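This report covers the packing of a helix pair, the contact between two domains and the relation of two chains.

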Number of protein chains: 2
Amino acid sequence: MIKRLGDSTLMFLEKPSIVGFASLVGKKEAQGPLKDDFDKIVYDMHLGQDTWEKAESALQREALSLALQKSQCSSKDVDYLFAGDLLNQCISSSYGLKDFEIPYLGQYGACSTMVQGLIMASVMVESKASHKSACVTSSHFCSAERQYRFPLDYGGQRPQSSQWTVTGAGCCILSDEDKKNAPKVFRATVGKIVDLGVNDQNNMGAAMAPAAADTLLRYFKDTSTIPSDYDMIYTGDLGKIGSKLMYDILDKEGFDISHNHKDCGVMIFKSDDIDVHSGGSGCGCCASVLCGHILKNVEKQKLKNILVMATGALLSPTSIQQNETIPSIAHLVNIVV
Amino acid sequence: MIKRLGDSTLMFLEKPSIVGFASLVGKKEAQGPLKDDFDKIVYDMHLGQDTWEKAESALQREALSLALQKSQCSSKDVDYLFAGDLLNQCISSSYGLKDFEIPYLGQYGACSTMVQGLIMASVMVESKASHKSACVTSSHFCSAERQYRFPLDYGGQRPQSSQWTVTGAGCCILSDEDKKNAPKVFRATVGKIVDLGVNDQNNMGAAMAPAAADTLLRYFKDTSTIPSDYDMIYTGDLGKIGSKLMYDILDKEGFDISHNHKDCGVMIFKSDDIDVHSGGSGCGCCASVLCGHILKNVEKQKLKNILVMATGALLSPTSIQQNETIPSIAHLVNIVV
């Protein structure tokens, strides 16, 4: 049963279980400190495909296959599949997942897609519309870079505020069975689009920080909880700059999360990697860290009550060329064990 | 309460009411036979904006505003907003709807987005996650043409199998209140991605027909109903060619829907309009015909039990350049009064 809390938070009384989850990343991500948490490392950035877009599709296919395997079920057992990505018309998902023949609901939340899918899959399971639902998303440095910024061989310099698109994918399978030690989705807050006028596409962290703060504040208000109630609060890909800006906004509202907050974009790469500047980004950033490092630690009960909030910048190269600002969004889930 | 029927159909026992709906279209669509059914006709294709993309955003903004007005509620009364469109990164929706401050869940189902949103909004209302949820989508000839095909001033000839992107938008507001005479969503079937190898982007009808047939057959099987049980079966934008191909596939399975089937893409334009070839297309096609002509006739009880199935081609210009085939999808709702 779903209960509404306050303005815009949902509580799932039966707590859908994440019965299977899987992540894979590229070689650069595997040089970071989370290497051992990923299920698979892809050393061939092409994944045997002849285009970067098809390589990204292969990441999604592999993430779903691994998650199905780990949850000991087949694609026939999954009622609904929520997926999306950053490529135009979300082709990584549609081409990557078409052969599974699972009823498909395409999502677009930019880099917030993983948590958006997790919320929708939880709603389907909790409302008894589904026994099992899956969510999957990905990003690939090479397909994103050439679509959003410059041709790969251009090799332009990037400002310190820019972020590096993670090559990776993650998948969760939600179920109504009460699996022992499985991470469970307890509460969720859907983001509102927030746009404070940032228009620098090389500073996505600054664009997304207000959306992240907005969602988190609404969640705390709706649930009457405070930051210290949680073992850890993870954000998707605010990066170093965006995280700092979010602290500033929260601080003005009397909330300090700096002691138990980590950002997946900051966590994923080596801290002395000079290329990544403010941190990682892309749908695959939050997805791979959540479905690798974070959920593994929940399963081991090292973390028992956490918040995961994926952030997304809802721009396009066209909107930037037209001098528009960058609307952003952040979706949040409370995961418990 | 949501009940699962058969393989993949949902039944909403309390039948969420469509308490408000609105549509608007451009001048070419207003020359067609459905003119009097639309709430608003936009004679300035720019809608006072300086780019086509911003004009499309204005369509969505206007559709939601009109639907809120018609349902006598404000944006604060709407708990969740499902929206999406055809533009890269779905910017018509994110930019068009950001000022409403409604928790936002971006959808991508190409031209099937209207029904996908309707299903998700119904799930939110029926599961008590929401009192009111809205769905909105749009397309604009000028923004779609230049993104998917050629610059507008190029003026290339188009084959007879091609379709004309509708300039229009539609919005529905779903509610848990039992409003008298309001159209209600009773059952829904989520589409699977189907790809039979069609790779001609000028023949979307052929690419989408197998997906439409697949969803419809699954629905009939899950509900143990037959075509003649319904006053009318509407498809989104199969066009003349796609509709014929769908009949052929259904015929082989023993179903004949030719007597009570209409396609929004065939209905919307003047039958002697030489530009539109196989018919209209775009997210705004099914959206404007549904939220104009169809739901008005349900409200007047001229139609009491109908199926509406929006079809979408999940390709991108990049996937076509890479010689990929066109995966397609079709989502279905059963609307009753």
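Axes here are lines fitted to C-alpha atoms, for helices over the stretch in contact, with angles from 0 to 180 degrees between N-to-C directions. This is a predicted model in which local features need pLDDT of at least 70 and side-chain atom pairs count only at pLDDT 80 or more, while totals for chains, interfaces and linings use all residues. Residues are numbered from 1 along each chain as its sequence is written, and chains are lettered from A and ligands numbered from 1 in the order in which they are written.

Helices (DSSP runs of H or I, at least four residues) and strands (E, at least two) are numbered from the N terminus. The axes of α6 (residues 204–223) and α7 (residues 239–252) of chain A come within 8 Å and cross at roughly 40 degrees. α6(A) is therefore oblique to α7(A), a class for angles outside roughly parallel (under 35 degrees), roughly antiparallel (over 145) and roughly perpendicular (65 to 115).

Domain bounds come from an automatic or database domain assignment, which divides chain A as follows.

| Domain of chain A | Residues |
|---|---|
| domain 1 | 2–175 |
| domain 2 | 184–336 |

The centres of these domains of chain A, over C-alpha atoms, are 17 Å apart. Their contact (C-beta atoms, placed from the backbone, within 7 Å) takes 56 residues from domain 1 and 60 residues from domain 2 of chain A.

A turn of 180 degrees and a shift of 0.0 Å along the axis lay chain A on chain B with an RMSD of 0.0 Å, by least squares on C-alpha atoms of residues with pLDDT of at least 70 in both. This is the relation of a two-fold axis.

Technical notes: Contact = placed C-beta atoms within 7 Å.
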